[in-house]
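Have the model open in your viewer and follow along. We'll go residue by residue and helix by helix, and see how the pieces meet.

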Amino acid sequence: IQDLNNRIGSLEASFNSSSTILGKYRELGPLVFPGEQADNSAERIDIKLQKIGSHLPDMRKGMWDALTNDSADAGRQAIISARELIAQVLGEGAPGFTTRKEKAKNLMSKYRGSIPEHDLDIIVASCDLIVAEHDKINKLTHARSSVKIKDAKRSVEATERVLDLLLGSET
C-alpha cells in the first residue's frame, strides 16, 4: 500500500507541476477526442438553476446525494427531493402562471428561446411521473413499506430530463 501511495503521490505532483507534460495539459480540462464533445450540461443547468433561485443547485445536488446514499431511507428522500426541486423550479421560475404546462412554456421561452410542443408534452408527462412516485411513497410510508431504489432512480432521472428540456443544457 505504501508503494501505491508513493506512485499516486508522484503522479499527483507531476500533474500539479507546470514544468511537466501532465501539468501543462491540466489547465485544458478533460480530454476530448475527435468526434466527441465535452459534456458540461450538468454545470450549465446548475448555472441556469442559480438564476432562478440561488438554493436550487444545492437542492439538485441533495437529490443526487440522497439517491446515492446507502441508508434505508435514501430512496424516499431522493423522491421527495426530486418532487420538491421540480415544484420550486416551476414555481420560482415562472411565477404568475397556474398550470405546469404554462410554467414550462414560460421557462422554455426564457431559457431555450423555443417551445417544441413534443418537448412540452414530455415535460408534463415527466412531471406527472415525479408527482405519482411522490404520491406512491406517501402511501407506502403509511403502510410502513420501503421504497425501491429503482423507483427513486426513475424519479431522479425524470427530474433531470425535465430540467434539461426546460432549461436546455446548451449555453
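Start at Ser126, which is in contact with Ala158 and Val162 once you leave aside its neighbours within four places in sequence. Keep in mind as you look that this is a predicted model. Ser126 has its place in helix α7. Is Ser126 buried or exposed? Its relative accessibility is 13%, so Ser126 counts as buried; the cut-off for that label is under 20%.

Both of those partners, Ala158 and Val162, are on the list of buried residues in α8. An α-helix has 3.6 residues a turn, so residues three or four places apart point the same way.

Now look along α8 itself. At 1.5 Å a residue, its 19 residues should span 27 Å, and the end C-alpha atoms are indeed 27 Å apart. The buried residues of α8 include Val156, Leu163, Leu165, Leu166 and Leu167, but also Asp151, Ser155, Thr159 and Glu160. Right after α8 you get Gly168, with a positive phi near 70 degrees.

What about the nonpolar core? The largest one has 33 residues, and Val89, Ile123, Leu163 and Leu166 touch the most other members. At least two residues of this core come from each of α3 (41-52), α4 (56-68), α5 (74-93), α6, α7 (117-142) and α8 (149-167). Which helix gives the most to this core? That's α8, with eight residues. As background, nonpolar side chains in soluble globular proteins tend to be buried together.

Leu163 is a good one to click on. Not counting residues up to four places away in sequence, Leu163 touches Ile45, Leu49, Arg60, Leu85, Ile86, Val89 and Gly168. One of those, Val89, is itself among the core residues that touch the most other members.

Next, swing over to α6, residues 100-111. This helix has 12 residues and reaches 16 Å from its first C-alpha to its last, close to the 16 Å expected at 1.5 Å a residue. Lys103, Ala104, Asn106, Leu107 and Met108 are its buried residues.

How do α6 and α8 sit relative to each other? Their axes come within 7 Å and cross at roughly 55 degrees, which makes α6 oblique to α8. On the α6 side, Ala104, Leu107, Met108 and Tyr111 meet Leu165, Leu166 and Leu167 of α8. Sort that contact by class and you get seven nonpolar residues, no polar ones and no charged ones.

Asn106, another resident of α6, has its own set of partners. Leaving aside neighbours within four places in sequence, Asn106 is in contact with Gly93, Ala94 and Phe97. Its relative accessibility is 18%, so Asn106 counts as buried.

Finally, step off the end of α6. The helix is followed by Gly113, whose phi is positive, near 85 degrees. In the loop between α6 and α7 you'll find Ile115, which is partly exposed, with a relative accessible area of 37%. Setting aside neighbours within four places in sequence, Ile115 is in contact with Lys105, Met108, Ser109 and Leu120. Among these, Met108 also belongs to the set of α6 residues that meet α8. And how far is Ile115 from Leu166? The two are 51 residues apart in sequence, and 9.1 Å apart in space from C-alpha to C-alpha.

Notes. Residues numbered from 1 in each chain as written. Predicted model: local features only at pLDDT ≥ 70, side-chain atom pairs only at ≥ 80, totals over all residues. Heavy atoms only, no water. Helix = DSSP H or I, 4+ residues; strand = E, 2+ residues; numbered from the N terminus. Expected span 1.5 Å × (residues − 1). Buried < 20%, exposed > 50% of the residue type's maximum accessible area, 1.4 Å probe, protein only. Core = buried A, V, L, I, M, F, W, Y, C linked by side-chain atoms within 4.5 Å. Contact = heavy atoms within 4.5 Å. Axes fitted to C-alpha atoms, helices over the stretch in contact; angles between N-to-C directions. Parallel < 35°, antiparallel > 145°, perpendicular 65-115°, else oblique. Nonpolar A, V, L, I, M, F, W, Y, C, P; charged D, E, K, R; others polar.
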